[in-house]
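Visitor: Please show me the structure, and let us then discuss how its packing is described.

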Amino acid sequence: MDYFLELCLGGLTRGSIYALIALGYTMVYGIIQLINFAHGEIYMIAAFIALIVSAILTINGFTGVSILIIAAVIAILYAAAYGYTLERVAYRPLRNAPRLSPLISAIGMSLFLQNYVLLAQTPDFLPFPELLPEFEFMDPVAHLIGSAELVILVVTTVTMLGLTFLIRSTRLGKAMRATQQDMTMARLVGINVDRVISLTFVLGSVLAAIGGVLVGSYMGQINFFIGFMAGVKAFTAAVLGGIGSIPGAVLGGVVLGLTEALAAGYISSAYEDVFAFGVLILILVLRPNGLLGRTVRTKV
Amino acid sequence: MALLQVENLCMDFGGLRAVDQVSLSVEDGEIVALIGPNGAGKTTFFNCVTGHYAPTGGEIVISPPQGERARIDGLKPNRVTALGLARTFQNIRLFPAMTVLENVMIGRHCRTRTSLLGAILRGPGTRRQERETIDTSYRLLEKVGLLDVADEFARNLSYGGQRRLEIARALATDPFLLLLDEPAAGMNPQETRELDELIVRIRDEEGLAILLIEHDMPLVMNLSDRIYVMEYGCKIAEGTPQQIRSNPRVIKAYLGEQDDA
Amino acid sequence: MRLVGRSLLVGLWFMFLTLPLLAVRVNTITETVEWRWLNLVWVGLGTFILSLALALWRQRSESQPQRDDGEGDITPRWRERLFHDQTVYRPLLIMALLATLLLPWLVDIYQINILVLALIFVVLGLGLNIIVGLAGLLDLGYIAFFAVGAYTYALLNINLDLGFWAALPLGGLAGAFFGLLIGFPVLRLRGDYLAIVTLGFGSIVKIVIENEDELFYGAMGIADIPRPGLLGLDLSLDQSTLYTYYLVVALALLAIFVTNRLKDSRLGRAWIALREDEIAAVAMGIDMAKCKLSAYAFGAFWAGLVGVLFAARNTFIHPNSFTFAESALVLSMVVLGGMGSIVGVTLAALILVLLPEYLQGLAEYRMLVFGGVMVAMMVFRPHGLISPSRRRYTRPQAQGEEG
C-alpha cells in the first residue's frame, strides 16, 4: 500500500510539472493553433540558466534560499526573453503561411536550441545543485513524499491558480480569450493581437521556466535533451486534457504523470516513454478532443 | 421523380438547430435558388446535401437520369460526388499550388481509375485515360473562358476567374446536379452578367440541373425557375420568382431587412 | 541609419540572450567559472550583420516594382528552360547519370562508401517527399520505417537464413505494412496531431528495439549481416562496396523514376490536392482515407526497401542509427529541397550528407545548422531551393506528343 501511495505521490509531482509545461502548449495552441515544438527547449534552457547562476552564486559565497530565488528569477526572465524572441523570429513571419510551415519552423527551432545548448555548454549531464529546502516537519512522511515534492506541488498549484486568475479576470486575459475566439475580430475591436500573442509566449515560457528550475533541483541533473522529452510529454498532457483548455492541461498532466509512475513502478521503467506515447495515440484516436476539450468543427 | 428530393432535413449543432425541417426538390433541367438572410442555414443545408455534415434528421434522395434512386444523407462527400452531385464553395477553395488545368483535372478523379502500378508503368490504358482527362479539362476551361490561363497557378487568377474555375472543376466530375454556393459573391456587375449567361449555358449544354445559393437578387430573379426562401433555419416560402417577389413573409424577412439598412 | 540602429539593438539583444549560455561555462566539480567573452562578441557581430543585411534586402525588394506573391510565379528564364526545354535538360541528365556511373573509378573505396550512404539518404528523402512533400502529411518518425526495413533483413537473415535479394522486397513490404498500421488509426487527425503521433511512433519503435533483447538483440545491435550477394560469387570487400554502390544507384534511379511518374499521375494529383485543401479535395470525389494511406504506405515502402540495403552496407545495425535526429535529417532534406520537388530533394540529400562528411569541422554543427535551415527556409523560401514545377499539358488539338 505504501508503495502504491509513494508511486501516486511521485506521479502527482511529475504530473504537476507536466501540467506547468503543458499550459504553455495549450495557451499557444489556443491562440495560434500551433504546436510550439520548441517549448520544451525553453524549459531546458531555463534549467541550464538556473544551474549556471546558482553555480556562480555559490562560488561567490551565497547560501541557502537566496540562491534559489535569484537563480529562479533570472531563469524566468531569460525564459521569457527566449520565448518572446522565438515567436518573433520563427513564428510571426509565418502567421499567414500554410499550416505545415510554422510546424516545420517549430521543429527546426527545437533542433536549433537543443544543439545550441549542446555546443555552448556540454553534451553530458550536469549535476544540478539542490536548491529546494528540506523541511523538518516532513520527516514523519518522508518515506512517502519528500520536501522537494511538497515544494513542487505547492508551487505548481499556486502558479496555476495565479494563471487562472490572470486569464479569467485581467484585461490581458480577456484579450487573450478574445484573440483565441477570433483573431480578425479581436483586431477589429482594437486588441493588439501581435502583442497578445507575444505575451502568451512570454507567459508560457515563464511557466516552463518554473518547471525547469523545479525539475532541475528535483532530479539533480540536467542535459540538453531533457526539454525534448518533457516537451513531448507535456504536449501529450495538453492533448489528453483537451488542447486549448487550461483546466484540461492540468488534468492531463496529472493523469499522465500517474499513468507513467504506475506503469514504471509495476511494469518496467524502460517502457515509461512507450506508455506516454501509447496514451497519446490512444487518446488522439479515441477522443481527439481530449478529456475536457470541446468539439471543433471545421467550417466549410 | 425529382432529381433531388430533400424531406424534412434537420441539422443540430449541440443545442442549436441550424436547419429545421426543410424540404426541397429539384427537377431535371431546373435552376433552383435558395435564398435567405445571412445565417439562415443555407450553406449548412448545402453541406448536408453534399455530405460534409451528416444531417441529424430527415432524408435526402436522389434519382439520377441514368442510375438508381438512392438515399444519400450521411454518405461521405466523395461518395456523394461520385453519385453525381458537385458543388462550389462560398469561400473559394481551389488548390492554389496547382495549375488551373490541374485543378480541373482533379475533378476527373472520381471518373477515372488508375492504380498505383498503372501510374508507374504508364501503360496504354493509363495514357488513354490521361489524354481523356486532359481533353475534357481543356474543354471545360474553354467553356468557362479560362483557356488562356490554363498553365497559370490557380492562386494567380482574378477573383471572378477563381469562381469560374471552381465551376469548371465541379463540372469535371460529370454531375447531374450542380450546387453553387454564392457564385456571384464579390463579382462586379459585368462579371455577374457573364456568370448569369454561363449558368444558363451550362444548364443547356451539359444537360444538368442547378441549385444555387445567392444574394444577388436580380441574378436570382432572372435565372431561377423556382426559389426557396429560408430564415432562421426554416423554410418560409417557395415558388416562382413572381410568387416570391410578392410573398409578404419574404418581403418582411428578407427584403424588409434591406429597408432597415 | 535607422536600420543600423535597429540592427545594433538586435545584436545587443542576442548578446544578452546568449550571455549565460555562451559566455559562461561552470565546472561543477572544481567549482570554477570559465568566462568566454569572445563568443559573445561573435554573436553580437553576427546577428548585427545578419539583421542589417536582412533589413537592406527587405528594403530593396520593397522599393522594387511589386512582384507577384510566392515563388514559382515569376520563374526565372533559366529555370524555365532547365525544366521545360528538353534540349537543355536531357543532356544535363545524361551527364549527371554518366558521372554517377563513372565516379567509383575516380575515387577510393572510402569515398564510395560515403556516396552509398548519401544515396541511401536520397532514397529516404524521396520516400518522405511523397508523404510530406506531395501528400502534406508531416511525419516526424519516418526513420522508424527505415529501421523496420533494416531489422527485417537482419532478423530474417539470422532466423531464416534469408539472403539480401529475398529480404529486399520483404523489407519494403514490411515498411509499407507499418506505414498502414500507424496510418490507419491516425489519418483522420489534423496535420499537427499526426506530426506528434508519428514522433511518438518513431520513439516507440526505437525504445522497443532497444529493450527487447530476445527478439531484436536490444542495445547490442546486430552484427555480421551479410553484404548483398551477386549470384553466389565470392566478392572482396572492395568489389562488394562497388557492387553496393551500383545497387544503390539503381535504387535511387528507380525511386526518382517512380516518384516522377507518380507526381503527375491521377494519384499524385490527388495527393497534392489533399495537401492543398482537404475539404475541396474530398468534395471533388477524392477518397481521403485511401489516398492518404497509399501515400503513407508508399513512402514507408521506400524507407523499408532502403533500410535493407543500409543493413547490408553496414553489416551492423544498432537502435541508435534510428533516432529522431535521423528523422529530422531526412525532413530537412525535403524542406530544403522544396516540398514535392524531386530534383531539389535529391540535391538536398546529397548536400546534407556529403557536406558534413567532407567538412569535418562542420560535422559538430550539423544539427544546429539543420534546425536553423528549417526555420530560415520556412521564413524566406517556403517552396525550397528548387520549387516544384508543375507539368504543362498540351491542348487536345495537338495529338500524341505531350509534356
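Guide: In this predicted model, H2(A) meets H8(A) through His39(A), Ile42(A), Tyr43(A), Ala46(A), Ala47(A) and Ala50(A), which face Gly204(A), Ser205(A), Ala208(A), Ala209(A), Gly211(A), Gly212(A), Val213(A) and Val215(A) of H8(A). These contact residues comprise 9 nonpolar, 5 polar and no charged.

Visitor: Why are H2(A) and H8(A) called oblique to each other?

Guide: Their axes cross at roughly 50° and come within 7 Å. Angles under 35 degrees count as roughly parallel and 65 to 115 as roughly perpendicular; the crossing angle of roughly 50° fits neither range, and H2(A) and H8(A) are therefore oblique. The crossing is right-handed.

Visitor: What makes H1(A) and H6(A) oblique?

Guide: The axes of H1(A), residues 2-32, and H6(A), residues 171-181, cross at roughly 55° and come within 6 Å. That angle also lies outside the ranges for roughly parallel and roughly perpendicular, so H1(A) and H6(A) are oblique. Met27(A), Gly30(A) and Ile31(A) of H1(A) form the contact with Met176(A), Thr179(A) and Gln180(A) of H6(A). By class, the residues of this contact are 3 nonpolar, 3 polar and no charged.

Visitor: How do you know that S1(B) and S2(B) pair?

Guide: Pairing requires at least two bridges, and these strands, residues 4-13 and 16-26 of chain B, share 7 in the antiparallel sense. Phe13(B) has Leu16(B) in S2(B) as its bridge partner. The two strands form a hairpin with 2 residues between them, and Gly14(B) in the turn has a positive phi of about 60°.

How values were computed
Residues are numbered from 1 along each chain as its sequence is written. Chains are lettered from A and ligands numbered from 1 in the order in which they are written. This is a predicted model: local features need pLDDT of at least 70, side-chain atom pairs count only at pLDDT 80 or more; totals for chains, interfaces and linings use all residues. Side-chain values use heavy atoms; hydrogens and water are left out. Axes are lines fitted to C-alpha atoms, for helices over the stretch in contact, and angles run from 0 to 180 degrees between N-to-C directions. Helices (H or I, at least four residues) and strands (E, at least two) are DSSP runs, numbered from the N terminus. Angles under 35 degrees count as roughly parallel, over 145 as roughly antiparallel, 65 to 115 as roughly perpendicular and the rest as oblique. Contact means heavy atoms within 4.5 Å. Ala, Val, Leu, Ile, Met, Phe, Trp, Tyr, Cys and Pro count as nonpolar, Asp, Glu, Lys and Arg as charged, and the others, Gly among them, as polar. A crossing is left-handed if the near helix is turned anticlockwise from the far one by less than a right angle, and right-handed if clockwise.
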